[in-house]
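Hello,

Here is the structure I promised to pass on. Have a look at it first, and then read on for what turned up.

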Amino acid sequence: MDPTSYAASIARGIWSAGVDLVGYVPSVSVAPVISALVASSGGADGRSRTVFPLSREEEAAGVLGALPLTGKLGAIVMQDNGFGNALTALTTFNTAYHLPLLIVANTRGGLGEYNSMIHTFSQYAPGMLRQIGLPVFEIDRRSSASDWEAVVTEAGVHARMTFRPVVVLTHFWNTDGKAA
């Protein structure tokens, strides 16, 4: 993978944040990030010893969110519409027990979105996440790939420092990621 790609930058940012394990909910939109994470961790075919798929976002919040209980940090790669599934887990487990977690989510419903139904949820995701007290950082094509890496790294550090989940919303339209 091109080392200057946005997907590779996200992968480097996740590892630079000191993440020990990454779970992902499969999606074509985040596939380039997953491939970069798997390749950079020595794996193949969508998994490695440290990168693996999970079936739903709330499962990811539970599995990766429990890692701080062992002194480790987890990250989730998903789409923003999956927050509809994960809100209860994030608020009653991760946030309530002060468990840091890095979440990198591709946004849906923005420029270039072809699915007219996704707007009804995704356009409200950033505000909804802030309403439940989660820090949200948004990055898009106006920032360079190296900026994306830095934001993801700093978000992971912020999660550890503040003992709570931190969300990075990535707007992949017109970057090297698959279009929404």
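**Helix pairs, a loop and a strand**

Helix α1 passes α7 in a right-handed crossing. Please keep in mind as you read that this is a predicted model.

To stay with that pair for a moment, α1 covers residues 6-16, and its axis comes within 7 Å of the axis of α7, with a crossing angle of roughly 25°. That angle makes α1 roughly parallel to α7, because angles under 35 degrees are counted that way. On the α1 side, the contact is made by Tyr6, Ser9, Ile10, Arg12, Gly13, Ile14 and Ser16, and on the α7 side by Ala145, Ser146, Trp148, Glu149, Val152 and Thr153. Sorted by class, the residues of this contact are 6 nonpolar, 5 polar and 2 charged.

Glu149 is a good residue to click on here. Glu149 sits in helix α7, and its side chain makes a polar contact of 3.0 Å with the side chain of Arg12. Setting aside neighbours within four places in sequence, Glu149 is in contact with Ser9, Arg12, Gly13 and Ser16.

There is a second helix pair to look at. Helix α3 (residues 57-65) packs with helix α4 (residues 83-95) at an angle of about 25°, and their axes are 7 Å apart. Here too the angle makes the two helices, α3 and α4, roughly parallel. The crossing of α3 past α4 is right-handed. Glu57, Glu58, Ala61, Gly62 and Gly65 are what α3 brings to the meeting, while α4 brings Asn85, Ala86, Ala89, Leu90, Phe93 and Asn94. By class, that contact has 5 nonpolar, 4 polar and 2 charged residues.

Next comes α2 and what follows it. The buried residues of α2 are Pro32, Val33, Ile34, Ala36, Leu37 and Val38. Which elements do the buried residues of α2 pack against? Their partners are α1, β1 (21-24), β2 and β3 (74-79). Just after α2, Gly42 takes a positive phi of about 85°.

The loop between α2 (31-40) and β2 (51-53) holds Ser48, and Gly43 and Asp45 are in that loop as well. Is Ser48 buried or exposed? With a relative accessibility of 16%, Ser48 counts as buried, because the cut-off for buried is under 20%. A polar atom of the Ser48 side chain lies 3.1 Å from the backbone nitrogen of Thr50. Not counting residues up to four places away in sequence, Ser48 touches Val38, Ser41 and Gly43.

Gly43 has a relative accessibility of 24%, so it counts as partly exposed. Leaving aside neighbours within four places in sequence, Gly43 is in contact with Val38 and Ser48. If you would like a distance to try in your viewer, the C-alpha atoms of Gly43 and Leu134 are separated by 31 Å, and these two residues are 91 residues apart along the chain.

Asp45 has a relative accessibility of 81% and therefore counts as exposed. Its phi is near 55°, a positive value in a residue other than glycine. Why point that out? Most residues other than glycine have a negative phi.

Phe163 also has a positive phi, of about 55°, although it is not a glycine. You will find Phe163 in the loop between α7 (145-162) and β6 (165-170). At 48% relative accessibility, Phe163 counts as partly exposed, because exposed would need over 50%.

Last on my list is Ile139, found in strand β5 (residues 136-139). Its relative accessibility is 4%, so Ile139 counts as buried. Which residues does Ile139 touch, not counting residues up to four places away in sequence? They are Trp148, Val151, Val168, Leu169, Thr170 and His171. Ile139 and Val152 are 13 residues apart in sequence, and their C-alpha atoms are 9.4 Å apart in space. Val152 is also one of the α7 residues that make the contact with α1, which brings us back to where this email began.

Happy browsing, and best wishes

Definitions and conventions. Residues numbered from 1 in each chain as written. Predicted model: local features only at pLDDT ≥ 70, side-chain atom pairs only at ≥ 80, totals over all residues. Heavy atoms only, no water. Helix = DSSP H or I, 4+ residues; strand = E, 2+ residues; numbered from the N terminus. Buried < 20%, exposed > 50% of the residue type's maximum accessible area, 1.4 Å probe, protein only. Polar contact = N/O pair within 3.5 Å; in protein donor to acceptor, adjacent residues only side chain to side chain. Contact = heavy atoms within 4.5 Å. Axes fitted to C-alpha atoms, helices over the stretch in contact; angles between N-to-C directions. Parallel < 35°, antiparallel > 145°, perpendicular 65-115°, else oblique. Left-handed = near helix turned anticlockwise from the far one by under 90°. Nonpolar A, V, L, I, M, F, W, Y, C, P; charged D, E, K, R; others polar.
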